[in-house]
Amino acid sequence: MYDVKSLKAEEFISHEEILDTLKFAEENKENISLIRKILDKAKLKKGLSHREASVLLACEDKDIQDEIFLLAQKIKEYYYGKRIVMFAPLYLSNYCINGCVYCPYHKSSNGIVRRKLTQDEIRREVIALENIGHKRIAIEAGEDPVNNPIEYILESIKTIYSVHHKNGDIRRVNVNIAATTVENYRKLHDAGIGTYILFQETYHKESYEKLHPTGPKSNYAYHTEAMDRAMEGGIDDVGLGVLFGLEKYSYEFAGLLMHAEHLEAVHGVGPHTISMPRIRQAEGIDPDSFCNGISDDIFAKICAIIRIAVPYTGMIISTRESQSVRERVLKLGISQISGGSRTTVGGYETEEYEDDGSEQFDIIDRRSLDEVVQWLIQLGYIPSFCTACYREGRTGDRFMSLCKSGQISNCCHPNALMTLMEYLEDYASSETKNEGIKLIEKELMNIPSEKIRKIAGENIEKIKSGSRDFRF
Ligand code: SF4
Ligand code: SF4
């Protein structure tokens, strides 16, 4: 039985509720008066339920779809302005005891080179990341209690935060590791992590069990209930995601929104982010062998409706997607992107992109961080290296109340400009720097509060003279 507040996976992600939702959506996909009501509600910028959002997803009317895209753009602009937060993944270890059939790191994979970074190697990776300008990273590691125990992850986080190279420092470490215990989540919280990210992969229990035949991850309930344990362990910011292509997208979409509703209902705060990965080519993995792949058009539609349904939740897209797909969905809702990424273990030390056989998936967008930053500036976006909320203790409900009050534009916008100025001073090519400075001068005028505008302007001048790390 469906119960949004239940702590049991099969009750808050009820299979029957998802099937009913999809039936309701199918029956109403041409019900224009209902769709109009849903769109009117969406215009209030407070979100939609999984049922309402599923009706929009099922609707194939071209005019309605155009309206959805336009509304998603408006909502994105309202909450996020032109800012795009930058991050990079850091692969610590690809040892893994799970049997996920879509991932080249699975236990019986023969084609993969297994690697685990030592603390010295992590230091060198962090220096390489700091040398190109990153301030926010997401660490990734397979599940392996012998090779990657929680102590290794905690030590690695400590190492990462301790490396300060020239003007560089990593100011926020997000963590993407396997579902674990409340006690371990508490340790991660105490280690000062940003967001805990865990992809559900698929909400469809039967498919989940087929796709995860062996290893601890094969336990659907333990995996699905991980975010509740993380929150119980004190982690305020959690990041959801499904791997689109494993199951029918409409099923995953409803499950994802039900998960977000569950977190809000139980913990008073929804997911901090939703990641949008699609299944990709990798060593020994052929994406065509998964029959639920989605087209770029459907992918864009899903992004737009998620933006409308959970307006306060950040949306992330990685370098798995091409430049053109990334450009399309940036408009529709994506607020965070990776740039200059390496998905190999130890990949940042070598300057040129190189797959040594330890890669998790093929990178499609292989541009350098500077190229991505310049591209964003040319599109009129403000690449942001801001980590202020986390460092000011504005996490969980404190972050959400700031976001819901609309005051974030007096915070995020100046923080984006100040951190971009740091990037331009320390890491940008001269072309990127020239274009970035023009953008900053123009965008300073768009800070609503006169007082904050003045302080931000002064701080930007101080950054030009060598000071660093200002934030609101
Ligand atoms: S998806 Fe994660 S848990 Fe599964 S095999 Fe890959 S690294 Fe291991
Ligand atoms: S001020 Fe907070 S919400 Fe805004 S970009 Fe910075 S960290 Fe993110």
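User: What angle do helix H18 and helix H19 make, and how far apart are their axes?

Analyst: Happy to help! In this predicted model, helix H18 (residues 412–426) and helix H19 (residues 430–444) pack at an angle of about 160°, and their axes are 10 Å apart.

User: Why are H18 and H19 called roughly antiparallel?

Analyst: Angles over 145 degrees count as roughly antiparallel. The angle here is about 160°, and H18 and H19 are therefore roughly antiparallel to each other. Their crossing is left-handed.

User: Which residues of H18 and H19 meet?

Analyst: From H18 come Leu417, Leu420, Met421 and Leu424, which meet Thr432, Lys433, Gly436, Ile437, Ile440, Glu443 and Leu444 of H19. By class, that contact has seven nonpolar, two polar and two charged residues.

User: Now the ligands. Why is ligand 2 said to lie between domain 2 and domain 3?

Analyst: Domain 2 (79–291 + 311–388) and domain 3 (406–464) both give residues to its shell, so ligand 2 lies between them. The residues around ligand 2 include Val85, Ser384, Cys411 and Asn415. Helix H16 (388–391) and H18 each supply at least two residues of this shell.

User: How many charged residues does the shell around ligand 2 have?

Analyst: It has no charged residues, with seven nonpolar and three polar ones.

User: What makes up the shell around ligand 1, by class?

Analyst: That shell has five nonpolar, three polar and two charged residues. Glu and Lys count as charged, and Glu143 and Lys217 are among the residues around ligand 1. Cys96, Cys100 and Cys103 are also found there, and Cys counts as nonpolar.

How values were computed:
Residues are numbered from 1 along each chain as its sequence is written. Chains are lettered from A and ligands numbered from 1 in the order in which they are written. This is a predicted model: local features need pLDDT of at least 70, side-chain atom pairs count only at pLDDT 80 or more; totals for chains, interfaces and linings use all residues. A residue is near a molecule or strand if its C-beta atom, placed from the backbone, lies within 6 Å of it. Axes are lines fitted to C-alpha atoms, for helices over the stretch in contact, and angles run from 0 to 180 degrees between N-to-C directions. Helices (H or I, at least four residues) and strands (E, at least two) are DSSP runs, numbered from the N terminus. Angles under 35 degrees count as roughly parallel, over 145 as roughly antiparallel, 65 to 115 as roughly perpendicular and the rest as oblique. A crossing is left-handed if the near helix is turned anticlockwise from the far one by less than a right angle, and right-handed if clockwise. Two residues are in contact if their C-beta atoms, placed from the backbone, lie within 7 Å. Domain bounds come from an automatic or database domain assignment.
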